[in-house]
Amino acid sequence: MSTTTAAPPATLASDFYGVQTELAPAEQDQVLRIREFLEREVRPIADDCWDRAEFPHHLIPGLADLGLFGAHLPETARFENGMLYRGWVALELARVDPSIATFVGVQTGLTMTAIAGGGSPEQREQWLPPMGRGELMGAFGLTEPYSGSDTSRGLRTTAERHGDTWTLRGAKRWIGNATFADVIVVWAKDVADDQVKGFLVRTGTPGLTVTKIERKQALRTVQNADIVLDGVEVAEEDRLQRVSSFRDVAAVLRPTRAEVAWQAVGLAVGAYEAAVAYVASREQFGRPLGSFQLVQDKLAESLADITASIALCRRLSLLAEEGNQRDEHAALAKSFATTRMRATVARCREVVGGNGIQLDHGVARYFADAEAVYTYEGTRDMNTLIVGRAITGIQAFV
Ligand code: FAD
């Protein structure tokens, strides 16, 4: 278990160009509260939770008290905040624990955003306030065993309406938080019009089976599940009333993709900070590793990757704030930041030597987690194809 008790810094040395200082004073204060909570409550247990693949449920009230569930929604926002703040919070979470960042992302960025965007005013009122308080947990069921990158056209889960009841049949895979969620937003194709609709499926509903995915080697603290829907009945009043096609699902994913780009930066920062600390204390040839030019080269390159990614994500957040963020903007940031993250964690693992593959020395968890962040919310390939379509006007998905 790694332990850290020192007060966290007010600014991060890895925020080389000082972007955090662009946050409003109230946002900066809140970032420091979040940073302090993460250092005190999360960092000391992060490696052990990851090692045992157990989710620390006792953290949920504290995360809720910090306003981390639904900071972007009128029903649940604790104070006025902007897009840069929301991105920065994703960085802070992933810097300490990418699994906790993912957990928060599923609850708020995916599930609450889907209910907020696709739900009726009554559905918003019913679900969002208790989810914001951390009393109800949500999951987002889009990916399927046979449909991952091609969910826009390949979903096989079906929904059939009889009167005021829908019957769902199919399977979902990789669904985060689903083992303990109270509600799962399930996306399924309406057999009548072949369009994707969204359903609020309460866990415990007959016909719904949720099975934890074991033996994962990334984001082990996140509880991902395989789901089977075997004739699950859902009332029409639990269908997301403002979703009529996959276009509405894509609208949910756009801001989430931007948030994952910020997560990637935080993950890279976490690995980089661990590497910087390690090379200061470890000696070889009678000198600290940090005194060798080749080691400094890897650190400088990593800092360049982090700094470029922060600058890119910062502008992406401002585009969203102006209402000018397009799909290809979020896709470019996600693919760039995750690619640079992957290069950074590899370099940081390298300078920690053999100890770099063991949890106790600070970089191994980030190194492994990077693979999942690189893959979810659209793989690098998918996001590159979105950018390629914007450049050429030609879609090259198939
Ligand atoms: P595939 O689609 O099978 O792709 C495999 C490879 O083929 C990839 O490299 C891909 O880029 C490449 N490829 C596919 N099509 C093309 C093409 N046309 N051209 C070039 N290359 C191509 N989903 C949810 O719905 N909810 C969740 O909460 C959730 N959480 C997740 C958490 C974790 C830890 C992970 C790993 C996944 C999660 N996912 C979730 C699923 C995630 O979104 C998918 O894994 C992702 O979209 C990729 O799909 P896939 O794994 O089926 O890969």
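A polar contact is taken here as a pair of N or O atoms within 3.5 Å. In this predicted model, Ser 149 meets that description, since a polar atom of its side chain is placed 2.6 Å from an oxygen atom of the ligand. The backbone contributes as well: an N or O atom in the main chain of Trp 174 lies 3.0 Å from a nitrogen atom of the ligand, and a polar backbone atom of Gly 176 is found 3.0 Å from an oxygen atom of the ligand. Considered alone, the ligand exposes 980 Å², of which the protein buries 66%.

The ligand occupies the largest pocket, where it is surrounded by 18 residues, the closest being Thr 143, Ser 149, Thr 379, Asp 381 and Phe 397. By residue class, this shell comprises nine nonpolar, seven polar and two charged residues.

With regard to secondary structure, at least two residues of the shell are supplied by each of the strand β3 (165-176) and the helices α10 (364-375) and α11 (380-392). At the level of domains, residues of the shell come both from domain 2 (138-244) and from domain 3 (247-392), and the ligand therefore lies between these two domains.

Key: Residues numbered from 1 in each chain as written. Predicted model: local features only at pLDDT ≥ 70, side-chain atom pairs only at ≥ 80, totals over all residues. Heavy atoms only, no water. Near = heavy atom within 4 Å. Polar contact = N/O pair within 3.5 Å; in protein donor to acceptor, adjacent residues only side chain to side chain. Areas by Shrake-Rupley, 256 points an atom, 1.4 Å probe, with all protein chains shown as cover. 1 Å grid on protein atoms, 1.4 Å probe; cavity = no way out; pocket = protein on both sides within 12 Å on 5 of 7 lines; lining within 4 Å. Sits in = over half its atoms within 2 Å of the grid points. Helix = DSSP H or I, 4+ residues; strand = E, 2+ residues; numbered from the N terminus. Nonpolar A, V, L, I, M, F, W, Y, C, P; charged D, E, K, R; others polar. Domains from an automatic or database assignment.
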